[in-house]
Amino acid sequence: MTEFKSDFLRTLKERGFIHQISDESGLDALLAKETVTAYIGYDPTAPSLHAGSLIQIMMLHWFQATGHRPISLMGGGTGMVGDPSFKDDARQLMTIDTIESNIASIKSVFANYLSYGEGPKDAMMINNADWLRGINYLEFLRDVGRHFSVNRMLAFDSVKTRLDREQSLSFLEFNYMILQAYDFVELNKRYDCRLQMGGSDQWGNIVNGIDLGHRMGTEQLYALTSPLLTTASGAKMGKSLNGAVWLNPDMLSAYDFWQYWRNTEDADVSRFLKLYTTLPMDEIARLSALGGSEINEVKKILATEVTAMLHGRENAEQAAETARKTFEEGALSDNLPSIDVPAAELDAGIGLLALIVKAGLAASNGEARRHVQGGAVRINDAAISDERKVIGSGEVTGDGVIKLSLGKKKHILVRPTA
């Protein structure tokens, strides 16, 4: 078992972040003797990242916390192509306007985890469109493309699995790994970046960058990847029954984000405390030793700590208190998620299934019907078994809302509006 000298690798190892390192001893020695710059790239495929990206964001956080300089690289250039790694189909191509809009929306999250500025250890937000969009194609082929072996590229798992399934891989997508490799070289040239980090599915792309750097005369570059996480039951991180667990507050409330972590499976609690919070390891060890009913209190701590990093301590504690009032006291809290419905629409009456879909508690009428048939749906805490029921203004309580519930943990306030 490797004993690391550098604070960064020691921290990552004890918290479970490390899957592979290209040169453990070389990277450890570099990190122990000087301030190092590292980056992780994020392609703007949506207006928000989701919880599946948190492990990489936390790696950048710890990189800065242990005295180094992190770069959050926005894929304004690579986003025009789309990473084909382990994807069954090509990504939908986005316009430049959509890419720029998504980047502007995504950026806001990083300031909660990193400190940006002009100092030698301050984080940097950089867009690879700065060098990729202006590339001269023929010069790029001659200066960069000549260093890539198609035979070797075809052997990478990310490409091979797609081809083995006889699914088309476009020439556009095939270029992605070349562009990502070139990013690493360009970041080294501009900012002395020596390390690229990412999920284990990025290993081939990152190693390509190291190899390209060697061929183009950079100093030694390094790769570090984290494991691809699933929950104990095999579910993909960042996905819930209602879809992606978004990081932007306008796409998922602090309360719903808190609930996602509160619902962590027992077997995942200790691992998630290490990966997604900054609690000291001795405190995590103490919490991890608790069992029985106390595990639920530990889950609340996990949920509050993870939510506090993203949404702020006040919002996290408010989410915890809203949950306590709702579940332990049966009280109605104004801080529960809500939707606005025109009063005229309620006066006319809305079908129960349509309201469940409108509230985001089901993706379709069919799914909503199954919830009703399973006895999971309640209006103002009263179970509803009639899927044809019409909800109207008569259900509005003295608090001026209708409480729509799915199971014991999902509640939406329906607010009539003028």
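Me: Angles under 35 degrees count as roughly parallel, and over 145 as roughly antiparallel. In this predicted model, how do α13 and α15 lie with respect to each other?
Reply: Helix α13 spans residues 269–276, and its axis comes within 10 Å of the axis of α15, the two crossing at roughly 20°. Angles under 35 degrees count as roughly parallel, and α13 and α15 are therefore, with respect to each other, roughly parallel.

Me: What is the handedness of the crossing of α13 and α15?
Reply: The angle at which the axes of α13 and α15 cross is roughly 20°. As for the handedness, the crossing of these two helices is left-handed.

Me: How many charged residues does the contact of α13 with α15 have?
Reply: On the α13 side the contact involves Val269, Phe272, Leu273 and Tyr276, which meet Ile295, Val298, Lys299, Leu302, Val306 and Met309 in α15. By class, the contact has nine nonpolar residues and no polar ones, and the number of charged residues is one.

Me: Which residues line the second largest cavity?
Reply: A search of the whole structure finds two cavities of 30 Å³ or more, and the second largest holds about 30 Å³ of space. Both α3 and α15, the latter covering 294–311, supply at least two residues each to its lining. The residues that line this cavity are Leu54, Met58, Tyr113, Tyr276, Val306 and Met309.

Me: How many residues of the lining of the second largest cavity are nonpolar?
Reply: The lining includes Tyr276, Val306 and Met309, which also take part in the contact between α13 and α15. When the lining is divided by class, no residue is polar and none is charged, while the number of nonpolar residues is six.

Me: At what angle do helix α1 and helix α3 pack?
Reply: Helix α1 is formed by residues 7–15 and helix α3 by residues 54–65, and their axes lie 9 Å apart. The packing angle is about 140°. That makes α1 oblique to α3, since only angles over 145 degrees count as roughly antiparallel, and the angle asked for is about 140°.

Me: Which residues of α3 make the contact with α1?
Reply: The crossing of α1 and α3 is right-handed. From α1 the contact draws on Phe8, Thr11, Leu12 and Arg15. With both helices taken together, the contact residues divide into five nonpolar, one polar and one charged, and those contributed by α3 are Met59, Trp62 and Phe63.

Notes:
Residues are numbered from 1 along each chain as its sequence is written. This is a predicted model: local features need pLDDT of at least 70, side-chain atom pairs count only at pLDDT 80 or more; totals for chains, interfaces and linings use all residues. Side-chain values use heavy atoms; hydrogens and water are left out. Axes are lines fitted to C-alpha atoms, for helices over the stretch in contact, and angles run from 0 to 180 degrees between N-to-C directions. Helices (H or I, at least four residues) and strands (E, at least two) are DSSP runs, numbered from the N terminus. Angles under 35 degrees count as roughly parallel, over 145 as roughly antiparallel, 65 to 115 as roughly perpendicular and the rest as oblique. A crossing is left-handed if the near helix is turned anticlockwise from the far one by less than a right angle, and right-handed if clockwise. Contact means heavy atoms within 4.5 Å. Ala, Val, Leu, Ile, Met, Phe, Trp, Tyr, Cys and Pro count as nonpolar, Asp, Glu, Lys and Arg as charged, and the others, Gly among them, as polar. On a 1 Å grid over the protein atoms alone, a cavity is a set of points where a 1.4 Å probe fits but cannot get out, and a pocket is an open set with protein on both sides within 12 Å along at least five of seven lines; lining residues have an atom within 4 Å of a point. Grid points are joined across faces, edges and corners, and a volume is the space filled by probe spheres set on the points.
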